[in-house]
Amino acid sequence: MAYAFDTLGYSKTLREAGIAQDHAEAHAAAAREFIMVDLVTKEDLRATKDELRSAMELETLRLTIRLGSMIVGGLVTTFGALAALIKLT
């Protein structure tokens with residue numbers, strides 16, 4: 001759903017209320033910037049979704065490598081301990 005802010009109508013309403021034209025236009029421009037800055041387009045959402053997907057894939061890869069390293073380290077330690085026990089017997 002798209003929103004629009006009618007700066008011309010806003011400034012016209014201010015002028016009819018007795019505000020000087022340059023002041024009314026400045027108010028309208030400021031109000032538009034304040035209101036429209038928080039709106040997000042579908043393209044913004046798609047870009048954010050793609051960035052999140054890439055970040056999640058990278059984090060998955062990091063966790064996989066970390067887990068693999070822990071498993072290899074555990075196996076090396078276990079086999080080292082077994083070898084030491086066999087040597088002692």
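Where in the chain is the place of alanine 31? Alanine 31 sits in helix 2, and this briefing starts there before moving along the other helices. Please keep in mind that this is a predicted model, in which local features need pLDDT of at least 70 and side-chain atom pairs count only at pLDDT 80 or more, while totals for chains, interfaces and linings use all residues. Residues are numbered from 1 along each chain as its sequence is written, and side-chain values use heavy atoms, with hydrogens and water left out.

**Confidence and helices**

- The average pLDDT of the protein chain is 86, and 92% of the residues score at least 70; pLDDT is the predictor's confidence in each residue, from 0 to 100.
- Helix 2 (residues 21–36) has the lowest mean pLDDT among the elements of the chain, at 84, and helix 3 has the highest, at 91.
- Helices here are DSSP runs (H or I, at least four residues), as strands are (E, at least two), numbered from the N terminus.

**Alanine 31 in helix 2**

- Alanine 31 counts as buried because its relative accessibility is 17%; buried means under 20% relative accessible area, exposed over 50%, and partly exposed in between (1.4 Å probe, protein chains only).
- Leaving aside neighbours within four places in sequence, alanine 31 is in contact with Phe5 and Tyr10, where contact means heavy atoms within 4.5 Å.
- Between the C-alpha atoms of alanine 31 and tyrosine 10 there are 9.1 Å, although 21 residues separate the two along the chain.

**Helix 1 and its ends**

- Aspartate 6 caps the N-terminal end of helix 1, with a side-chain oxygen 3.4 Å from the backbone nitrogen of leucine 8.
- Such a polar contact is a pair of N or O atoms within 3.5 Å; within protein, one must be able to donate a hydrogen and the other to accept it, and residues adjacent in sequence count only if both atoms are side-chain atoms.
- Threonine 7 lies in helix 1 and is partly exposed, with a relative accessible area of 28%.
- Not counting residues up to four places away in sequence, threonine 7 touches Ala28 and Arg32; its C-alpha atom is 6.7 Å from that of alanine 29, 22 residues apart along the chain.
- Leucine 8 is also placed in helix 1, and its relative accessible area of 60% makes leucine 8 exposed.
- The C-alpha atoms of leucine 8 and valine 76 are 74 Å apart, with the two residues 68 places from each other along the chain.
- Serine 11 belongs to helix 1 (residues 7–16) and counts as buried, at 3% relative accessibility.
- A polar atom of the serine 11 side chain lies 3.0 Å from the backbone oxygen of leucine 8.
- Beyond residues up to four places away in sequence, serine 11 touches Ala24, Glu25 and Ala28.
- Just after helix 1, glycine 18 adopts a positive phi of about 105°.

**Salt bridges in helix 3**

- Side chains of opposite charge can pair when their charged atoms come close.
- Two salt bridges turn up in a search of the whole structure, a salt bridge being a side-chain nitrogen of Lys or Arg within 4 Å of a carboxyl oxygen of Asp or Glu.
- Arginine 53 pairs with aspartate 50 in one salt bridge, and the closest N and O atoms are 3.4 Å apart.
- Because they are three residues apart in helix 3, arginine 53 and aspartate 50 are separated by about one helical turn.
- Arginine 53 is partly exposed at 41% relative accessible area, and aspartate 50 is partly exposed at 43%.
- Arginine 62 forms a salt bridge with glutamate 59, where the closest N and O atoms are 3.7 Å apart.
- Arginine 62 and glutamate 59 are three residues apart in helix 3, so about one helical turn separates them.
- Arginine 62 is partly exposed, with 47% relative accessible area, and glutamate 59 counts as partly exposed at 37%.

**A nonpolar surface patch**

- Leu67, Ile71, Leu75, Phe79, Leu82, Leu85, Ile86 and Leu88 make a nonpolar surface patch of about 870 Å².
- Patches are made of residues with over 30% relative accessible area and no salt bridge; like charges are joined within 9 Å, and nonpolar side chains (Val, Leu, Ile, Met, Phe, Trp, Tyr) within 5 Å.
- Accessible areas come from the Shrake-Rupley method with a 1.4 Å probe, and for residues only the protein chains shown count as cover.
- Leucine 67 has its place in helix 3 (residues 42–88) and counts as partly exposed, at 48% relative accessibility.
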